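Subject: Structure handover

Dear colleague,

I am passing on the structure we spoke about, and below it you will find what was found in it. Please keep the sequence and the 3D view open while you read.

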Amino acid sequence: MSRFVGFLTVAFLLALGFGTIEAAAPPHVAASSSLEAGKYLVVIAGCNHCHTQGWAATGGKVPQTAWLKGGHVPGPGGPPTPNLRAVAAGMSRTAFVAQFHAKQRPSAMPWVNLQHADTDLGAIYDFLRSLKT
Ligand code: HEC
């Protein structure tokens, strides 16, 4: 009987532990902070390619002070892209992440590619909020 109680206690503590880990799930990259992870992810996921004016044309030689303020999809007739600093400033972290699931419309914006990375999108949000609008 006491062994069974012990088993239940261990199972309960494990469930509690896993619950906690899931709630505070970090981004998939190792970084010193969520903000640093967000900065790295913005670069590697190509957000600047379309959302920073002149990024593609200069080979990425745009100072961080000018990142993600909106621009155009590179190439002839590329559609305009919104200012992501302003977008993030206008919504909660939860709403920012949720839109990547809600907006499945055909668009130059690669919505579908970003629907599997909620913890990473949260870090991107943190980075966007750290930039001045
Ligand atoms: C290939 C070009 C391209 C890339 C790369 C890209 N975007 Fe976009 N993005 C667009 C375009 C075009 C729109 C406007 C059309 C739309 O909303 O579907 C847009 C819209 C958005 C919006 C909607 C903003 C609003 O109006 O509410 C968000 C948020 C966004 N992008 C975030 C990102 C993030 C974060 C990344 C990097 C992980 C990224 N985008 C990479 C082209 C791109």
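From the N terminus on, the elements of the protein chain run α-α-α-β-β-α-α-α, which gives 6 helices and 2 strands. Please bear in mind that this is a predicted model, with a mean pLDDT of 87 for the protein chain and with 82% of its residues reaching 70 or more. Over residues 19-23, however, the pLDDT falls below 50, and beyond near neighbours in sequence this stretch has 0 contacts in the model. Where pLDDT is low, the predicted coordinates should not be read in detail.

As for the chain as a whole, buried residues make up 23% of its 133 residues. If you take the contacts between residues at least 6 apart in sequence, 47% of them join residues at least 24 apart.

A good place to begin is helix α6, which covers residues 118-130 and, with its 13 residues, reaches 19 Å from its first C-alpha to its last, close to the 18 Å expected at 1.5 Å a residue. Its buried residues are Asp-120, Leu-121, Ala-123, Ile-124, Tyr-125, Asp-126, Phe-127 and Leu-128, and what covers them includes α2 (34-44), α4 (84-89) and α5 (93-102).

This helix also matters when you turn to the nonpolar core. In soluble globular proteins, nonpolar side chains tend to be buried together. Here the largest nonpolar core has 18 residues, and those with the most contacts inside it are Leu-121, Ile-124, Tyr-125 and Leu-128. While α2, α4, α5 and α6 each supply at least two residues of this core, the largest share, 6 residues, comes from α6. To follow one of these residues outward, look at Tyr-125, which, leaving aside its neighbours within four places in sequence, is in contact with Ala-88, Arg-93, Phe-96 and Val-97.

Helix α2 has its own buried residues, namely Ala-37, Gly-38, Lys-39, Leu-41 and Val-42, and these pack against α3 and α6. After α2 comes Gly-46, whose phi is positive, near 80 degrees.

Next, the ligand. It is surrounded by 19 residues, of which the closest are Ala-45, Cys-47, Cys-50, Ser-107 and Met-109. The elements that give two or more residues to this shell are α3 (47-51) and α4, and α3 gives the most, with 4 residues. By type, the shell divides into 13 nonpolar residues, 5 polar and 1 charged.

Finally, the loop between α3 and β1 (71-72) deserves a look, since Leu-68 has its place there. The phi of Leu-68 is near 65 degrees, a positive value in a residue other than glycine. Is Leu-68 buried or exposed? Leu-68 counts as buried because it has 27 C-beta neighbours inside 10 Å, and the cut-off for being buried is 20 or more.

Gly-54 also lies in the loop between α3 and β1, but with 15 C-beta neighbours inside 10 Å it counts as partly exposed. Although Gly-54 and His-72 are 18 residues apart along the chain, their C-alpha atoms are separated by 8.7 Å.

With best wishes

How values were computed:
Residues are numbered from 1 along each chain as its sequence is written. The expected span of a helix is 1.5 Å times one less than its number of residues. A residue is buried if 20 or more other C-beta atoms lie within 10 Å of its own, exposed if 12 or fewer, and partly exposed in between; C-beta atoms are placed from the backbone. Two residues are in contact if their C-beta atoms, placed from the backbone, lie within 7 Å. A residue is near a molecule or strand if its C-beta atom, placed from the backbone, lies within 6 Å of it. Ala, Val, Leu, Ile, Met, Phe, Trp, Tyr, Cys and Pro count as nonpolar, Asp, Glu, Lys and Arg as charged, and the others, Gly among them, as polar. pLDDT is the predictor's confidence in each residue, from 0 to 100. A nonpolar core is a set of buried Ala, Val, Leu, Ile, Met, Phe, Trp, Tyr and Cys residues joined through C-beta atoms within 7 Å.
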